[in-house]
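Student: I'd like to learn how to read strand pairing and chain contacts. Can we work through an example together?

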Amino acid sequence: MGLIALSACNLEQEVEIDLPDYEVRPVLEAYVEPGERYRLLLTLSAGYFAPLPSLDNLLDELLLDSAEVSITHDGVTYQLENTLLFDPTTQKIYNYAAGPNDLVPTESDLPFELNITLPNGETIRAETRLLPQVEIDSVVIEFPETGNPRDTLARALTYFTDNPNTDNFYRRMLQLNSLDSLPEQDFVTDDRLVEDSTIAFGTGFNYKVGDTLITTLYHISEDYATFLESVDGAAAANGNPFGQPSPVISNLEGTANALGIFTGLVSFRRNDIVMRN
Amino acid sequence: MIRLLLLFSGLLFTLFIQAQDVTISGTIKDGENGEDLIGATVAVPELGIGTSSNAYGFYSLSVPTGDTLKVVFSYVGFQSQAFTLLPRQDTTFNINLNTGVQLDEVVVKANSFQEQINSTEMSVEAITTREAKLVPVLLGESDILKTIQLKPGIPSGSEGRTGLFVRGGAQDQNLIVLDEAVVYNANHLFGFFSTFNTDAVKDLKIYKGGFPAEYGGRLSSVIDVKLKDGNNQKFAGSGGLGLISSRLTLEGPIQKDKSSFIVSGRRTYVDLLTRQVNRANEDNEDFSPIPDYYFYDLNAKVNFQLSDKDRLFLSGYFGRDVFGFSSDFFNFDFDWGNATGTARWNHVFNPKLFANTTFTYSDYQYNINNQITGFSFGLGSNIADANLKTDFFYAANNQHTVRFGAMATHHTFTVGRLQAGSDDGAVSFSAGQEFQGVEFGAYVSDEMEFSDALSVNAGLRFSGFNNDGKTYVGLEPRVAARYKLSDRWALKSSYARMYQYLHLIANAGVALPTDIWYPSTQRVQPQRSDQVATGASYLLGSQYFLNFELYYKWLDNQLQFVDGAQIFVNDELEDEFAVGEGRAYGMEFSIEKKEGRLTGWIGYTLALTRLQNFETLDPGGRFAQESEGFGPFNPIYDRRHDISVVALYELSKRWTASATFVYGSGDLTWLPPGRFTFQDVPGAGFEAVVPDYRERNNYRLPAYHRLDLGLVYKFFPKWGESDLTLSVVNAYDRRNAFFIFFEPEFEGEESNTGGINIPNRIAANQVSLFPILPSLTWNFKF
């Protein structure tokens, strides 16, 4: 809104700028999801004003191929081949994957170790674990008690129980009607400020009778929470003069100066239909 | 150091056993309204001796017994007064000086410039309320704190950057005192206006270096604002109606010559307009109501002449910014502001010894409250000080003026106090830290005049701070020397060490009300600076004053945030800090003209500031991976060139024109040189462009420049005086950069599913804040 107002006063204008030199680096997204294949996406970053790929040459421009990738768990090393996977349901792409039968166990306390050697010999290493699943206790649908017949929209309050004996981090996502819709809400939080063990997320009064609310609660690692916050922070600082820019904070080691995340991803999901009692 | 203390002890002993001459002493006031005149001169021309009144109008001059002497009292813009005195015994002369409108030939012209040549003080700038009222200003709101930023060494202008960055210092390194009470946030409306109502201010002085020993607690500047005492001769008033605010000041005697009061208030009224707009659109479902916003200030002061030797002053300030928004389901309130109170007692022990004892209370707080059906959220921070200090001024003889004193401040810090949860108590969040700290200090200094040419002001301050079971102490030597090559030429040098025990947790560059003051603790050590400065002053003709200074400043224990720091509601804030050092150096030049139809100044600053060797306080911690250490880098306020030109021209008795021009190298900003694609987990959207930030502050914005024009027309009605003030800010409509952002542009409709959207281009957009902005203000006084 503020930027629209500025445009109206002609206070916003396009400018030519000459940014400092930028060294392209690998970008890794590897989520270890219980019951899913070992798979990951390895891409390359680009200079901000480098030519943008089109949908036609997106994969050629973006993907970092020909790396040697393995994940070791419980004494077994899984080789991830350089192959292109596209999941039409979630519309996600992966360019390295283990065999279709090499599935992530549904539960394990043991670490997962990632080793990548890039075509130029540089390396990426990381380690993660699966965290216990945290269930959603309830999703409460509430209509306003204003007595105004025009107030027909409801809100949802999502409650879950935190384990007070450990430091926990969560990501909660709310989607409307279908899983491939962009999230209505997508929050990362932790339990540092929680006084007792109940945590709640609320929405505005935005949902009509018949809507399906899909709530997903991820129990995430501190590394992943930090990474997500830094990605959000980096995106938010662009265009916000009061924002504090920050590099993305990764949990990757090795010589490749890569950015990204290698993390276990344990979730709990439920669907609720908005209706009046 | 022990040697130094012994030297001081010996010196003081010598001083106290001297004093064979007689002393003339007293106070110098404005005859029209009884205000103390600060820096008025008292001279005995035939002996070539003199002094000036201190910050409370008190002076003390030793003269030899014997023949009659002519003593001359003078002050810039006032008619001088001369008295013949036969010095036989100590004498009290309380003098009222009057403005010399009818007697131009005896009105002192270059008095203040000569005083600057004579003084050991350097790196000092002052601004008068007259200058502040004539300089063209944003939306017609005259602002003495903004006007001082037109002086060299205090970067001016800069779109939206509202903090003060003096000689490469950060925005928390300025000690701002209002009638000796600390003001922790001197800003309204995110810093576009200051908390100081020009109508109520008597005097503003800023020290950029060469700090006198009586000041401590901040590294980079001392901004000393004194409120008017109130007219003790007659009832008077002043005020104005502006584009966004109105103000009114009333003052007068409680008992003529003995006591007076002053009350001053100011309030913005844009909210009155926006409420009407909201009311008119109540039934329009497409209309988004405009939030309420206003700010106000109240100043009040009384003073009493209790006896010939005692005066009591009571003053206070209260100001708030209020932002609010509400709907059927939602209620949001955000207010912030300062409160200060000062009780001051001046006592003249004898003609040579004057004391000022002050008790002050300062409070800054912000509160955010939000209620959404069934849930509430409250967040606030606060710093509250109770301070007692006493300052002695001992005019031993005309070669030694000794100042000594002590202070103690009890600080209470409430940092990020949060209460949030559901009304039924099922969900509850809380956070917040509280600290109780005690800051203390004692000092002594001696202004020594070794000869007509050489004067030295040497001082030592001892300071300390206790908090969190840890006590820090520091010795702060201060020395300033002046060597006069002639009555027109003076060379000056100074050195000052400063300790700072408080830290502002702030986003660099922008003054936000949610900035938090944080004490030194076990892990967070006090900041320290050492500054050397040297320069020359020259009086050119009778009207022009030239000043040139070089400075170099070492800064230690400087705080920065680690990458990705969480500063909002965090009980482990210290884990987000990185500590390093800084270097700032530069050159300042100014030429100033204070008398005649054309007055004003030109200032130029060449400066460099660099921060380096930062290490996180939490090695191996949450954010340490890329932040074990970083730097060197230049802070955003590192401005290489800064030019300001201020001209005030009195066209006639009724018309005065003014113009200011500022030019500065662009501020630094942190832009991402790279980008990456982030597809995220199933269910989340695909982000084709995420910024990859690397080195801090890696891009310099385009140069900033702006011309402001002003025109004042005076009326002289029977009841007093009024004027219409026209200000045109940004007269040639320059689009200065506030910030730059990158905007991906897409062809066609963007997917609203989790699918892949690839922009066809990325644009760099520059946002400015101010187009050409004219405003009209009506001012009056009676």
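**Strands across and within chains**

Tutor: Sure, and keep in mind that this is a predicted model. Let's begin where the chains meet: strand S1 (residues 12-14) of chain A and strand S46 (residues 761-767) of chain B run antiparallel and are joined by three bridges.

Student: Which residue in S46(B) is the bridge partner of A:Glu14?

Tutor: That's B:Asn765.

Student: And how many residues does each chain bring to the contact?

Tutor: Chain A puts in 73 residues and chain B 71 residues. On the side of chain A that touches chain B, helix H3 (residues 222-237) of chain A gives the most, with eight residues. By residue class, that side of chain A splits into 41 nonpolar, 21 polar and eleven charged.

Student: Okay, now sheets. What holds the strands of a sheet together in general?

Tutor: Strands pair through backbone hydrogen bonds, and the pairing can be parallel or antiparallel. For a case here, take the open sheet of eight strands in chain A: reading across, you get S9-S8-S5-S6-S7-S3-S2-S16, and the pairing is mixed.

Student: Which are the edge strands?

Tutor: Strand S9 (123-128) and strand S16 (259-264) of chain A, since each pairs on one side only. From one strand to the next, the twist averages 30°.

Student: Do S2 and S16 of chain A run parallel or antiparallel?

Tutor: Parallel: six bridges join strand S2 (residues 26-32) of chain A to S16(A). To find one pair in the viewer, look for A:Glu29, whose bridge partner in S16(A) is A:Ile261.

Definitions and conventions
Residues numbered from 1 in each chain as written. Chains lettered and ligands numbered in written order. Predicted model: local features only at pLDDT ≥ 70, side-chain atom pairs only at ≥ 80, totals over all residues. Contact = placed C-beta atoms within 7 Å. Helix = DSSP H or I, 4+ residues; strand = E, 2+ residues; numbered from the N terminus. Nonpolar A, V, L, I, M, F, W, Y, C, P; charged D, E, K, R; others polar. Pairing = 2+ DSSP bridges. Axes fitted to C-alpha atoms, helices over the stretch in contact; angles between N-to-C directions.
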